[in-house]
Amino acid sequence: MAEAHQAVGFQFTVTPDGIDLHLSREVLKHIYLSGVTSWRKRAIRFKNGVLTGVYPASPSSWLIMVIAIMSTMYTRVDPSLGMIDRIKNTLPVSEYLTVQTQTVLSGVLFATGLWLALIMLLRYTLKLLLSYHGWIFECHGRKTLSTRVWLNLVKMFSGRRPLLYSFQASLPRLPVPSVDDTISRYLESVRPLLDDDQYNQMEVVANEFKKDPAPKLQKYLQLKSWWASNYVSDWWEEFIYLKGRGPIMVNSNFYVMDLMYVTPTHRQAARAGNVVHAMLQYRRKLERGEHTPLRALGVVPMCSYQYERMFNTTRIPGIETDFVQHLSDRKHVVVYHRGRFYKVWLYFGGRHLWPSELELQFQRILNDPSPPQPGEVKLAALTAGNRVPWARARLKYFSEGVNRASLEAIETAAFFLTLDDEAHGYDPEKLKSLDMYAKSLLHGKCYDRWFDKSFSLIAYKNGKMGVNVEHSWADAPIVGHMWEYVLATDCFQLGYTDEGHCKGDVSKGLAPPSKLQWDIPVACQELIEGSYQLAKEIADDVDFHGYVFDEFGKGLIKTCRTSPDAFIQMALQLAHYRDKGEFCLTYESSMTRMFREGRTETVRSCTSESTAFVKAMENLKEKKEQRLALFRKASEKHQHMYRLAMTGGGIDRHLFCLYIVSKLLGIDSPFLKQVLSEPWRLSTSQTPQQQINLVDLQKHPKYVGLGGGFGPVADDGYGVSYIIIGENLVTFHISSKFSSPETDSYRFGQNIRQAMLDIRALFEVKNDKKKEKEEKKHM
């Protein structure tokens with residue numbers, strides 16, 4: 001009964017003398033603690049906002065500036081060249097503002113203005129320095145004198161202890177490439193894919209576009225680049241993601257996997273408790289801007305704007321277009337288990353729930369025997385189907401009553417959690433364990449993930465975890481950064497008891513999770529079933545193969561003096577040619593985060609150089625030395641194109657934006673229409689590893705992640721994601737469609753493996769010759 005009394009905020013009794021009001025001390029205590037936490041959070045955000053706003057200076061530098069100016073005034077030296085006197089003359093004289101006070105105030109105002117001007121000068125200087133990208137085109141490990149000087153200048157102007165958003169105002173804008181450069185690079189990229197007649201025809205169409213209407217479209221694009229923070233990103237989000245009316249499950253969303261070898265605990269509720277608590281710690285640092293910004297070479301800052309919408313974010317369906325709803329400081333999470341939705345509060349007494357308390361809450365859900373309500377089991381299938389039926393159902397059936405309240409709870413949650421009733425994970429002794437794990441994360445049962453949430457966390461009953469991510473708000477490296485932090489915090493900071501439970505006590509009076517209520521009519525249930533059937537058809541068509549390549553890795557590739565990414569891309573070209581007997585337009589994702597609000601650019605990996613190398617590999621008469629020379633030439637070409645893409649010299653985002661301008665102006669361009677309709681039959685992406693050095697892989701080699709993947713982009717093509725793990729592992733995530741007679745993910749995986757080994761053999765021949773020469777010298 002004591003706990004029941006504490007759960008009631010107040011009690012009152014009506015007596016002849018009036019109303020006798022009894023307030024609960026426990027509730028008042030929680031209200032007080034919540035208020036203290038809220039004000040503390042506001043104070044920290046304000047402080048960090050000030051630090052970010054004046055960066056690379058600091059608030060203390062303002063005080064130094066004021067003291068310096070005031071000191072010169074008392075020594076009768078005027079560093080302001082008369083400006084202090086002018087400010088003084090504009091100030092009114094009164095009994096509260098004496099002549100001496102005027103003098104001090106005018107000095108402070110001048111010092112403040114000078115301080116702000118110096119901040120702007122420092123930022124502009126840093127922006128000019130960061131606009132230089134010559135360093136990225138230099139050979140790895142060989143820095144010229146000018147680059148070394150440049151790096152030292154960037155360090156000097158970057159300040160100390162930057163916060164996550166400190167560099168945002170100093171990042172340069174993404175430049176608009178010239179039309180001539182873009183068309184020239186485009187024609188070069190399609191040359192190996194077209195015969196002479198096709199290429200000549202494409203050249204004519206491209207040159208006609210270059211004359212008209214390209215100059216007109218380019219002027220509008222340049223105008224946008226001057227006005228907007230980034231001339232690509234907002235249109236990319238709107239037209240590529242939010243305006244798409246097809247299902248986002250498989251076609252847009254991607255997934256991230258758990259640790260490869262380690263499962264910290266096999267207790268589902270305990271693992272979920274630790275991971276959720278680690279996410280809350282990450283979110284708190286994110287909201288305060290306290291994460292360290294990522295920097296290339298430890299010096300060049302990357303844009304951080306994508307982090308802003310990681311939590312408390314949902315994609316809201318619309319008839320013509322969706323929109324991204326981002327809220328601040330959401331205090332609950334919604335949990336799905338066996339067809340039922342629960343709301344779990346993340347705060348208690350003005351603090352985050354401890355991992356042990358979260359474990360208790362999740363265990364209560366797992367132990368709940370209550371059945372789902374009518375229509376509740378497959379409700380989330382609406383987010384897996386076409387967008388228009390979901391938007392109409394949302395307006396018609398979820399705009400009032402309990403349905404509105406429950407849907408609002410989901411859409412305003414910090415994130416979505418599924419306590420899955422299946423067991424998944426990588427087990428080298430089980431055939432297709434990685435395949436099934438990937439398919440579960442990518443689409444699940446089509447109704448047990450809320451695909452519209454910024455991300456859905458999945459906890460399997462064997463303790464494994466994973467994440468399904470909605471793509472419009474951010475790209476994979478952003479989620480990867482969070483996931484690395486979470487896994488490291490889970491394993492090395494929070495830990496578990498010997499029995500596998502979360503550490504810590506549980507506070508008394510912790511209210512159990514509340515079950516969301518639904519009143520779903522039969523007509524809506526039919527819509528849900530229709531979305532489910534469509535989603536199931538898509539999911540069943542996904543042919544997935546996960547492959548851990550452990551014959552060699554980055555360590556050996558680096559000894560060959562070539563880029564690991566270029567090595568793998570050449571292996572993919574060779575594997576695809578062996579798989580299909582032809583070359584195809586190949587997409588590799590590159591980041592443009594050295595620019596403000598930059599996201600991605602395309603690297604067209606199929607080049608004339610790569611096709612020449614592949615043909616040489618398939619020509620038995622070709623000497624191995626010639627094959628190696630062609631490989632080096634193709635790799636160098638790939639690296640050059642990758643660097644161009646990173647520094648704003650890519651092809652596809654520029655052409656995409658020109659196409660958008662043409663559509664807005666009502667101009668029909670056969671060239672742009674043809675370019676944007678070309679299918680990417682091989683779509684590839686490298687998942688970044690160790691963006692934050694929280695785990696020493698030398699000491700803990702088993703604590704490596706499996707990376708993530710995505711669905712096939714073309715109906716008759718492959719989607720390949722790969723992650724280079726440590727020095728000796730590469731993991732491939734390969735997807736295609738069963739409905740295509742041309743593709744087979746397992747077959748392609750075997751072709752990739754053989755291609756990797758065949759390329760390595762080229763260097764073994766070279767190494768053997770070196771050994772022979774050395775032996776002859778010693779003879």
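Here is a chat between two people about salt bridges, strands and rings in the predicted model above.

Colleague: Which ground rules apply before we start?
Modeller: Residues are numbered from 1 along each chain as its sequence is written, and side-chain values use heavy atoms, with hydrogens and water left out. As this is a predicted model, local features need pLDDT of at least 70 and totals for chains, interfaces and linings use all residues, while side-chain atom pairs count only at pLDDT 80 or more.

Colleague: How many salt bridges does the structure hold?
Modeller: For a salt bridge, a side-chain nitrogen of Lys or Arg has to be within 4 Å of a carboxyl oxygen of Asp or Glu. Counted that way, the total is 35.

Colleague: K637 and E188 form one of them; how many residues apart are they?
Modeller: Their side chains meet at 2.6 Å, N to O. K637 belongs to helix α21 (residues 624-646) and E188 to helix α7 (residues 179-190); helices here are DSSP runs of H or I with at least four residues, strands are runs of E with at least two, and numbering goes from the N terminus. The pair links distant parts of the chain, with a separation of 449 residues.

Colleague: Is K637 buried or exposed?
Modeller: Buried means under 20% relative accessible area, exposed means over 50%, and partly exposed is in between, using a 1.4 Å probe and protein chains only. E188 is partly exposed at 38%. K637 has a relative accessible area of 18%, so it counts as buried.

Colleague: And for the bridge between K737 and D715, is D715 buried or exposed?
Modeller: The closest N and O atoms of this bridge are 2.6 Å apart. K737 sits in strand β22 (residues 729-737), and D715 in the loop between β20 (708-710) and β21 (718-725). K737 counts as buried at 18%. D715 has 51% relative accessibility, so it counts as exposed.

Colleague: R315 is in a salt-bridge network; which residues are linked there?
Modeller: R315 is in strand β6 (residues 313-316) and is buried, with a relative accessible area of 1%. Its side chain makes polar contacts (N or O atoms within 3.5 Å, one able to donate a hydrogen and the other to accept it, with residues adjacent in sequence counting only if both atoms are side-chain atoms) with the side chain of D322 at 2.7 Å and with that of E470 at 3.0 Å. The network links R245, R315, D322, R387, D452 and E470.

Colleague: Which residue in β7 is the bridge partner of I316?
Modeller: Strands pair if DSSP finds at least two bridges between them, and four join β6 to β7 (residues 323-326), which run antiparallel. The two form a hairpin with six residues between them. The partner of I316 is F323.

Colleague: What is the angle between the planes of Y437 and Y460?
Modeller: Rings of Phe, Tyr and Trp (its six-membered ring) pair if their centres lie within 6.5 Å; planes under 30 degrees apart are stacked, over 60 edge-to-face and the rest tilted. The count is 33 aromatic pairs. In this one, the centres are 6.0 Å apart and the geometry is edge-to-face, with the planes at 75°.

Colleague: Which residue lies over the face of W236?
Modeller: A charge sits over a ring if NZ of Lys or CZ of Arg is within 6 Å of the ring centre and within 35 degrees of the ring normal. R191 lies over Y199, at 4.5 Å from the ring centre. Over W236, at 3.7 Å from the ring centre, lies R653.
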